[in-house]
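Please take a look at the following model. A short report on its annotation, one helix pair and the ligand surroundings comes after it.

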Amino acid sequence: MDTFLQDVLSGLNATPKTLQSKYFYDEAGDILFQKIMSSPEYYLTNCEMEIFTTQTQALAKAIKNGFDSFDLVELGAGDASKSVYLIKELSKQDVNFTYMPIDISSHVIKLLEENLPKQVQHLQIKGLKGEYFEMLEKATQISSKRKAVLFMGANIGNMPASEAITFCKKLRGLLNKEDLLLIGFDLKKHPKIIRQAYHDANGYTRDFNLNLLKRINKELGANFNIDAFEHYPSYDPATGSCKSYLISLKKQSIIIANTTINFHEHEYIAMEISQKYDLEETENMARQADFKPVKHFFDEKKWFVDSIWEC
Ligand code: AVJ
């Protein structure tokens, strides 16, 4: 059975019901995420963009860490609109590197391989479409050079904190002593600012969540009535967990591949977590996963951090 179908069925048969946010990113999802990123409420992208545009040279120096030949691997590269500043700087400095973007979206990889070489002369690029760890292993098979890994955009926030540590341990296990990680965290701040980032006035975040039901209809032949579900965003300052739910507006049944899924009125599907951290928590995470947090790059407001973790 197709893993998408398998994951959807096991998520919707579980209590509470859940869907994995990594499936948000089909072609329509990619477009909605672009709209989210350019929404005024979604500060994360602006903060990280500020870091990459105003501290480019310092970032390049930290990434090189004395080496001038390595592979630059990016987990969840998306449109690479921030990392491209680093890539341009490295290429300006005649660093010998291959950019290896990894993404779950084949659409994204195709666009990057088409567009980045137009923006950066002589860029060596090798796109890898698939899951992070499988593709990182593939990257180490393709080339044995030192790896500098980018894991930006607060993508780590899509895992609950305990899973994030397991993830970092696993990542560490795939890296060698001279390798390095640049990892982005969205930091705790006034709860109202965080809540608004996931509750934009244009409803892009709502549509982004509902789009996964549409995708399930389209790709798995399900019969979700999109109008019978409502997006409910929440942020809990006590835990730093920002969570999105879809609420069933009535008692209803959905059929997916001959399986019936029953919803009570007001039953929820847990769609996405975007975990927020304070700096100390990120450093503890690094140490627990056997990384050394050596440097932090902040935006001016200190709402976001890109940290360098050495192995
Ligand atoms: C791409 C995972 C960092 O959690 O902030 C944006 C995705 N979801 N708005 C995030 C997202 C809703 C985003 N990440």
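An unreviewed UniProt entry annotates residues 5–309 as "domain: Histidine-specific methyltransferase SAM-dependent". The model is predicted. Over residues 5–309, 40% of the chain is helix and 26% is strand. The end C-alpha atoms of this stretch are 36 Å apart.

**Helix pair**

Two packed helices are described by the angle between their axes and the distance between the axes. Here helix H1 (residues 3–13) packs with helix H10 (residues 204–220) at an angle of about 130°, and their axes are 11 Å apart. An angle of about 130° falls outside the roughly perpendicular range of 65 to 115 and is not over 145. H1 and H10 are therefore oblique to each other. The crossing of H1 with H10 is left-handed.

Which residues in H1 and H10 meet? From H1 come Phe4, Leu5 and Val8; from H10 come Ile216, Glu219 and Leu220. By class, this contact of H1 with H10 has 5 nonpolar residues, no polar ones and 1 charged.

**Ligand shell**

H10 also takes part in the shell around the ligand: H10 and strand E12 (268–275) each supply at least two of its residues. Residues around the ligand include Ile36, Leu44, Asn155, Tyr198, Thr205, Phe208, Glu272 and Ser274. Gly153, Ala154, Gly157 and Asn158 are also among them.

The table gives the class counts for the two sets.

| Set | Nonpolar | Polar | Charged |
|---|---|---|---|
| Contact of H1 with H10 | 5 residues | no residues | 1 residue |
| Shell around the ligand | 5 residues | 6 residues | 1 residue |

Technical notes. Residues are numbered from 1 along each chain as its sequence is written. This is a predicted model: local features need pLDDT of at least 70, side-chain atom pairs count only at pLDDT 80 or more; totals for chains, interfaces and linings use all residues. Axes are lines fitted to C-alpha atoms, for helices over the stretch in contact, and angles run from 0 to 180 degrees between N-to-C directions. Helices (H or I, at least four residues) and strands (E, at least two) are DSSP runs, numbered from the N terminus. Angles under 35 degrees count as roughly parallel, over 145 as roughly antiparallel, 65 to 115 as roughly perpendicular and the rest as oblique. A crossing is left-handed if the near helix is turned anticlockwise from the far one by less than a right angle, and right-handed if clockwise. Two residues are in contact if their C-beta atoms, placed from the backbone, lie within 7 Å. Ala, Val, Leu, Ile, Met, Phe, Trp, Tyr, Cys and Pro count as nonpolar, Asp, Glu, Lys and Arg as charged, and the others, Gly among them, as polar. A residue is near a molecule or strand if its C-beta atom, placed from the backbone, lies within 6 Å of it. UniProt positions are given in the numbering used here, feature names are shortened, and annotations may be inferred rather than shown by experiment.
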